[in-house]
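Please examine the structure shown below. The paragraphs that follow lead through a selection of its helices, charged pairs and surface residues.

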Amino acid sequence: MSNFDFLKNFNNELYKIGTKLEDDAIESPRAVTADATLFLETLVKDIYRLSNLKLENNLISFYKKIDYLYRQGIITYIYKNKLQDAYNLRNKIHNNYQDSKEELNIALDLHKRLYYISKKYFNDFCENQRYTKIPDYKKPVKKDIIFNNCIICGCKNSQSQSNMCDECNKKIENANLLLTLKNTYDMRDFTRLDLIDIGITESESISILMNLTRDNIIIKKGEYYTFNNEKFKNHIDIINQYIEIGLLISKFYNDEITAFEIKKTKQYLNGSKQQKPCIEFYNLVNEKIKNDFEKKLIKTENIKKSMKESAMDNLILQNWFDKEKEAFITGSLNDAFILYNELLIKDFFDLKKKGLRDDEILKHNEIDPQMYEFWREHFMGRNFMKKTTKIKKDLILKEIRKNKTLNEALKSSGISQKEFDKLYILSKNNNDDFYRDFNNEYTIKRQKTVLKHLKYNNLNAALRKSKITKTEFLKWYYKGESNLSDFYIESTSLLMNKYLHHRSNGFNKKDILKHINISRDMYDSWMKHDDLKLVRDFKNENKKITSYLIKRGLIINALKENKSKDEAISSAGLTPKEFMEIYNTSKKEKTEFYIRFDREYMENRKRVFAKLIKSNDFYNSIEKCEISQIQFNKWFLKDQDLYLSDFKTTDFYLKTTSELMNKYLKARWEGKNQPDAARSVGLSNMIIGKWLNHPEYNLYYEFILKNKKLTIDLIVKGFKLGKSKTEVSKDYDISMTNIEEFINLGRNGFLKYKELYELYEFEIIPKQLETFLKDFKTKTYKKSLKHAKINDTDLKYYYEMGKNNETSCFNSFYKDYLKLKIQLYIKNILDKKSQKIAFKNSNLSVEEYEKNKIKIEEKILKSRIRIIGEFLVNHKTNGAKLANLAGISVDELYNWYFKGRNGDEEFKTFYMMIEWGLISPRIEAFNHAIARGIPRNWLIKKLKKDLGPADYKIWDKHGLIDSTNINRLNLECEEINENISNVIKKDDPQLYDFMMKIKSKNQDIFVENHSDKAKVFADR
């Protein structure tokens, strides 16, 4: 039922347009544009008729039509605007090109507006049914599609309301009955009467039981039946597929699911494998895909895009093409099929114009060869071949104009030689444009190009540059010989000139023909044409050149026999002036003679030089050979490069190099350094370096061995003369690395280096070490090394050797050096240097210090005590001055004193020295002054000044001022037993000596009385 049914009896034409518009709104929204235009125009036209108004001009615009009705009072202003809005909405859908969903929305909106416009029109102008109840507006929906054949089995379908035939529908109904039976009698047997009891007629029950038994779904046992469960399950699964297929096909044809989605279903996949019951479903899906493809192809005129949007694959496409092809042949035309072929043929010819072969195009566009045959035999027929042939001809001429060879042009055009020959012969027979154009563009132009290049190149090069084959040239050449064409005469003249030019350079006929790339047959063909002046002139010139070559040959042969230049010229019967004319002419015209002469003369001089160098030095050999050193270097280096690159050596290079090597080694032995020795044999040091760096060449390997032996001998020579490594390296230009390497090899037992090693290790090194020890006592480490001509590494090496091996001859050096380092360390410490500086100046390591620490500290202590004692004997002093003199603090000095006082044997002597030399005299004098009545405060003040603040602080702290326990031993006292003196002398000679010195020296402590007090002197 349509929304426009109320118009059927009032305006049947408008009813039909509205009904069609309603269908198109869903199926083809864009078609609504035309439907709406016709609907509105028909409606307005009928209003004019019903209003007895006449249109003066049917071509006036829609707006003017409705505006006139409004001005006449026939329609209201609102109605007029509704008509205009609907007309404008029609344009909107017409201008939309992309969004299909938007198109549908606009079409439905327009459909709705037209419904209300027609409803108003009906109510206003249909007098008989003005107030008839018109049904409300209903949105258009897609109509269910009914197929001619059953969607399950494919049989003819007589049902008008179902897409399945009666039999398939019956199977679904029976499946419901079976489920009822199964649910009821699953656990026990049943009879036919049981079916009748559940509402099945007697006749139907008999039919059902027969069918079920036949299909083995139930099994009969007498009058009872039971289900075959496995068969029953399979049967129900199949029936369920019927229902799923019905739902899927309905959704697909109503555009509720896409082709891409439905092709992924198991039903479609089963149908593609021809599995029932999905075969017809598979065919129906493919049929819709084909229809969608045809619509999209007509709309877009793009095959790939249409295939993609419609989900058309190659298999469906091939099936569609085969079907439509047969229809086309029988006369049934399909616009989409025709367009499809036209698009493919257009692509085919486009690629053909690019030079692709037919098979390449078919492969590129994935075109079946049968499709290609279809085009040739049915779709285009002769026109296809004519167009193909025309393209081929155009391509050949186009590629020829690009200066390609014929083969290249044919290849670029995708045409075989056989195809071209056929085209060319047919064209020649018809004398058509292609034949004439090809001759002009290719044959004539290429002949001119060959002649141009032949002036400066041999025949093959000229042909290559002219982009023709030799076969084509010979074809043109011999064809021209028959009628003595211009091409034949000009090409022959050029080839003859080339022949004579090479002949004048001394080449024989065989080599010349090979060089200019012509055959002996062509040369012989020239000799047959004595009637031509060209050939006669050629023969005469050839004879002159032969005579001229004989004299040149005599000169070359004389040089080969080691004759001098003047002798060679004389042997040819020429004067030097005549020879120079011949030589300069050859050089100017760039013929071969001057090259051959220079080459042979060079070889001649090489042989002479190789002979002279055996008994002369290099520079005398150069002078006697009458060549310059530049010439020699050029020849020598060229042969050397050949030897280095290909292992090929010339006789000159082998003999000369061997002699130069021997002379170089002799110069080195005589005392020349490497550059001077190289210059003495006319070479650079770089060339000598190449010899030494390529031991893979036998000639150089022997030199390397000799040079190595010479180097060893020079080092031995230097060591025998008492030279150090550095002096040997400098005087004999030998790298320090080599010297050290050879020494190490000798140390490791290699006999070749034994003498060198022994000289160095047992003669040179001991002297250097001795000198170093002597110098290091008074000089810095660096200066000592330099003066001893030994380096830091060697010194440390032999020091470690002596340290680690007591039997080594360097063990004494180790001991002496360590002793010296300790002495220097102690000296630096006593000189008030920091320990870091002392380590540096003495070269004593921290490890060595730690190992000898007790011994070192003991010596330092004794040295400090000795320094303090010596100073005490000769000077009046205090503890601070003594501490500073010994490089210690005052606290440490008194600490030693108290240690000795408390019985520490190590500091016993020091205690006695301080006691007698510093403390006891002052305390005695102090007590003596007190006894004489001098005020204590005044004495303390004077004592403090005499001692200094540092000493006084310690005295005061330890109560030394008031000490009554003075261990004073007066050696002058007669009461002292002489044995005590002897005991001290025996036990501590140093103390005894100190006491003797103290005895012989008087020290005075004076006390100055600032209040007219007397001065007190105390003798010690």
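Asn604 lies in helix α30 of what is a predicted model. Is Asn604 buried or exposed? With a relative accessibility of 0%, Asn604 is buried, because burial requires a value under 20%. The side chain of Asn604 makes a polar contact of 2.7 Å with the side chain of Arg605. Once the neighbours within four places in sequence are set aside, the residues in contact with Asn604 are Leu559, Asn562 and Lys563.

The same helix supplies one partner of a salt bridge: Lys606 pairs with Asp639, with 3.1 Å from N to O. Lys606 belongs to helix α30 (residues 593–612), whereas Asp639 belongs to helix α32 (residues 629–646), so that the pair, 33 residues apart, links distant parts of the chain. Which accessibility class applies to Asp639? Asp639 has a relative accessible area of 6% and is therefore buried. Lys606, at 4% relative accessibility, is likewise classed as buried. Over the whole structure, the search finds 31 salt bridges.

Two further salt bridges are each formed within a single helix. Asp651 pairs with Lys655, and their closest N and O atoms are 3.1 Å apart. Both residues lie in helix α33 (residues 651–669), at a separation of four residues, or about one turn of the helix. The general geometry accounts for such pairings: an α-helix has 3.6 residues a turn, so residues three or four places apart point the same way. Asp651 is partly exposed, at a relative accessible area of 47%, and Lys655 is partly exposed as well, at 39%.

The second pair joins the side chains of Lys709 and Asp713 in a salt bridge of 3.2 Å, N to O. Because Lys709 and Asp713 are four residues apart in helix α36 (residues 698–720), about one helical turn separates them. Lys709 has a relative accessible area of 54% and is exposed, whereas Asp713, at 30% relative accessibility, is partly exposed. Elsewhere, Asp67, Arg71 and Lys80 are joined into one network by salt bridges that share partners.

Attention now turns to nonpolar residues at the surface. Tyr70, Tyr77 and Ile78 form a nonpolar surface patch, with a combined accessible area of about 320 Å². Of these residues, Ile78 is located in helix α4 (residues 77–95). Its relative accessibility of 59% places Ile78 in the exposed class, because that class begins over 50%. Ile550, in helix α27 (residues 533–560), is also exposed, with a relative accessibility of 54%. In sequence, Ile550 and Ala572 are 22 residues apart; in space, their C-alpha atoms are 8.8 Å apart.

The last element considered is helix α42 (residues 811–830). This helix of 20 residues reaches 29 Å from its first C-alpha to its last, close to the 28 Å expected at 1.5 Å a residue. How many of the 20 residues of α42 are buried? The number is 14, and α42 is therefore largely enclosed by the rest of the structure. After α42 comes Lys832, with a positive phi near 65°.

Terms used: Residues are numbered from 1 along each chain as its sequence is written. This is a predicted model: local features need pLDDT of at least 70, side-chain atom pairs count only at pLDDT 80 or more; totals for chains, interfaces and linings use all residues. Side-chain values use heavy atoms; hydrogens and water are left out. A salt bridge is a side-chain nitrogen of Lys or Arg within 4 Å of a carboxyl oxygen of Asp or Glu. Helices (H or I, at least four residues) and strands (E, at least two) are DSSP runs, numbered from the N terminus. Buried means under 20% relative accessible area, exposed over 50%, partly exposed in between (1.4 Å probe, protein chains only). The expected span of a helix is 1.5 Å times one less than its number of residues. Patches are made of residues with over 30% relative accessible area and no salt bridge: like charges are joined within 9 Å, nonpolar side chains (Val, Leu, Ile, Met, Phe, Trp, Tyr) within 5 Å. Accessible areas come from the Shrake-Rupley method with a 1.4 Å probe; for residues, only the protein chains shown count as cover. A polar contact is a pair of N or O atoms within 3.5 Å; within protein, one must be able to donate a hydrogen and the other to accept it, and residues adjacent in sequence count only if both atoms are side-chain atoms. Contact means heavy atoms within 4.5 Å.
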